[in-house]
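The report below describes one protein chain, moving from individual strands to single residues and then to the empty space between the atoms. Please read it alongside the sequence and the coordinates.

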Amino acid sequence: AVSSTDTRYACCRLRISRAPPLVDGAAASLLAASGGRSPLSCGMLCAGSGSRRGQSSGSATSRAKDVGSGARRWLPAAPHRSATNARARVLATVLPDALSPTGRSPYRRRQQQQPAPVPQSTLRIFLDSADMKEWSQWHNMGLFHGVTTNPAILERDGVRCTMESLTAMTRTAFEMGAREVQLQTWGSTVQAMSSNALNLAGIDPRRVVVKLPCTPEGIQAASLLSESDIRVTITGIYAPHQVLLAEAVGAEYAAPYLGRMNDLVPGQGTAAVREMQDTLAAHHSTCRLLVASIRDVAELSQLSAVGCDTFTISPSVAKLWFKVDATIKAAKDFESAATRMGAP
């Protein structure tokens with residue numbers, strides 16, 4: 001038997017004031033798998049006989065059998081410095097806190113001292129354009145998550161609405177650093193919409209999101225696509241209740257047209273978008289509200305304050321980000337001061 005007071009373990013050269021913990025169950029299995037050698041000792045499995053350095057307590061094989069058979073064995077209290085990190089992490093979850101004289105596992109203490117991971121922002125901003133020159137200018141700034149398009153944008157920017165043209169355009173966007181490209185399908189029937197959507201998604205199933213209008217045909221096609229793990233955006237949303245349709249069919253995004261809604265009834269668009277965001281938040285939905293048709297950068301901050309975190313803006317609106325006279329003047333003052341103080 002091992003004394004519970006003032007016991008010296010020669011293999012660890014550590015004096016403790018109480019008996020070390022008993023080990024069985026998962027820890028015993030771990031010790032058996034390690035050949036009977038304790039990763040917390042100096043290579044000796046201090047058995048119940050309280051063996052000292054220089055005293056044989058049997059072979060490693062026989063000791064492993066003893067431990068694996070369920071026999072309870074004493075472990076030395078201090079970890080050896082040569083214990084691997086992998087074993088340390090396992091033992092920290094298996095062995096009790098009393099492994100150290102302080103009453104706390106040194107492995108668990110080290111884990112607690114590691115800094116917590118910094119949460120990432122949920123903000124996503126898309127560039128609403130099919131103009132590759134605009135892409136080149138803005139994506140180099142690192143502001144945009146990706147690009148969004150639809151047939152009307154393709155027409156405005158002179159891009160053909162064909163599979164060959166859209167494939168080339170999408171690959172160019174990815175080469176420039178876009179993480180997502182949203183392409184809108186077309187067709188007057190569910191079958192036509194679904195067929196074109198599958199072809200669009202086939203360009204890059206992981207990074208292409210297919211847009212469908214919030215119509216009976218579009219919703220039915222979106223439901224079929226979602227079941228096939230195709231990423232979907234429901235677009236052309238003008239009323240708060242329509243966001244429920246997008247959520248119900250498993251769409252990843254729902255796109256309300258803020259500016260056009262405000263054109264119909266001034267101020268109504270902003271209130272409706274807030275209601276849509278509140279609805280998705282109340283349901284803890286993973287569907288993102290992708291606010292489109294934004295006319296002013298002030299709308300971005302106003303909607304962000306109520307929980308919206310996904311927007312698509314045109315290049316002309318993006319330029320307004322940097323048209324703050326006071327900031328421009330401050331930057332010039334900084335440069336002038338640097339020059340006066342000898343900056344090359």
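In this predicted model, strand β12, which spans residues 310–313, is covered on both of its faces: Thr310 and Thr312 on one side, and Phe311 and Ile313 on the other, are all buried. Strand β12 has two pairing relationships to consider. With strand β5 (residues 124–128) it pairs in the parallel sense over 4 bridges, and within that pairing Arg124 stands opposite Thr310 of β12. With strand β11 (residues 288–291) the pairing is again described as parallel, here over 2 bridges, and Val291 is the residue that stands opposite Phe311 of β12. Between strands β11 and β12 the chain passes through helix α13 (residues 297–304), and these three elements make a right-handed β-α-β unit.

The loop between β11 and α13 holds Ser293, a residue other than glycine whose phi is nevertheless positive, near 55 degrees. Because its relative accessible area is 18%, Ser293 counts as buried, the cut-off for that class being under 20%. Another residue with a positive phi is Asp229, which is not a glycine either and has a value of about 65 degrees. Asp229 lies in the loop between α9 (216–227) and β9, and with a relative accessibility of 68% it counts as exposed.

Strand β9 is mostly covered, since 5 of its 6 residues are buried. Strand β8 (residues 208–213) runs parallel to β9 and is joined to it by 4 bridges, with Pro213 having Thr235 as its bridge partner in β9. The connection from β8 to β9 goes through α9, and this β-α-β crossover is right-handed. Strand β9 also pairs with strand β10 (residues 253–256), in the parallel sense and over 4 bridges; here the bridge partner of Ile237 in β10 is Pro256. From β9 the chain crosses through α10 to β10, and this β-α-β crossover, too, is right-handed.

The pairings described so far can be set side by side.

| Strand pair | Sense | Bridges |
|---|---|---|
| β5 and β12 | parallel | 4 bridges |
| β11 and β12 | parallel | 2 bridges |
| β8 and β9 | parallel | 4 bridges |
| β9 and β10 | parallel | 4 bridges |

Within strand β9, which covers residues 232–237, Thr233 deserves a separate description. Its relative accessibility is 0%, and Thr233 therefore counts as buried. The side chain of Thr233 makes a polar contact, at 2.9 Å, with the side chain of Gln182. If neighbours within four places in sequence are left aside, the residues in contact with Thr233 are Gln182, Val209, Val210, Lys211, Leu212, Tyr253, Ala255 and Leu290.

Gln242 belongs to helix α10 (residues 242–248), and because its relative accessible area is 15%, Gln242 is buried. With neighbours within four places in sequence again excluded, Gln242 is in contact with Cys214, Gly236 and Ile237. Gln242 and Thr215 are 27 residues apart in sequence, while their C-alpha atoms are 9.7 Å apart in space.

Turning to empty space, the count comes to 1 cavity of 30 Å³ or more. The largest cavity has a volume of about 30 Å³, and its lining consists of Thr149, Asn150, Pro151, Leu154, Leu166, Leu183 and Gln184. Helix α6 (151–157) and strand β7 (180–184) each supply at least two residues of that lining.

The largest pocket contains about 350 Å³ of space. It is lined by 20 residues, and those that lie nearest its centre are Asp128, Asn150, Ile153, Arg260 and Ser293. Both α6 and β12 supply at least two residues each to the lining of this pocket, with α6 providing the largest share, 3 residues. Asn150 thus appears in the lining of the largest cavity and also among the residues nearest the centre of the largest pocket.

For the chain as a whole, the secondary structure comes to 15 helices and 12 strands. Of the 344 residues in the protein chain, 42% are buried. Among contacts with a separation of 6 or more, 58% are accounted for by residues 24 or more positions apart.

Key
Residues numbered from 1 in each chain as written. Predicted model: local features only at pLDDT ≥ 70, side-chain atom pairs only at ≥ 80, totals over all residues. Heavy atoms only, no water. Buried < 20%, exposed > 50% of the residue type's maximum accessible area, 1.4 Å probe, protein only. Polar contact = N/O pair within 3.5 Å; in protein donor to acceptor, adjacent residues only side chain to side chain. Contact = heavy atoms within 4.5 Å. Pairing = 2+ DSSP bridges. Right-handed = clockwise from strand over helix to strand, strands pointing away. 1 Å grid on protein atoms, 1.4 Å probe; cavity = no way out; pocket = protein on both sides within 12 Å on 5 of 7 lines; lining within 4 Å. Points joined across faces, edges and corners; volume = space filled by probe spheres on them.
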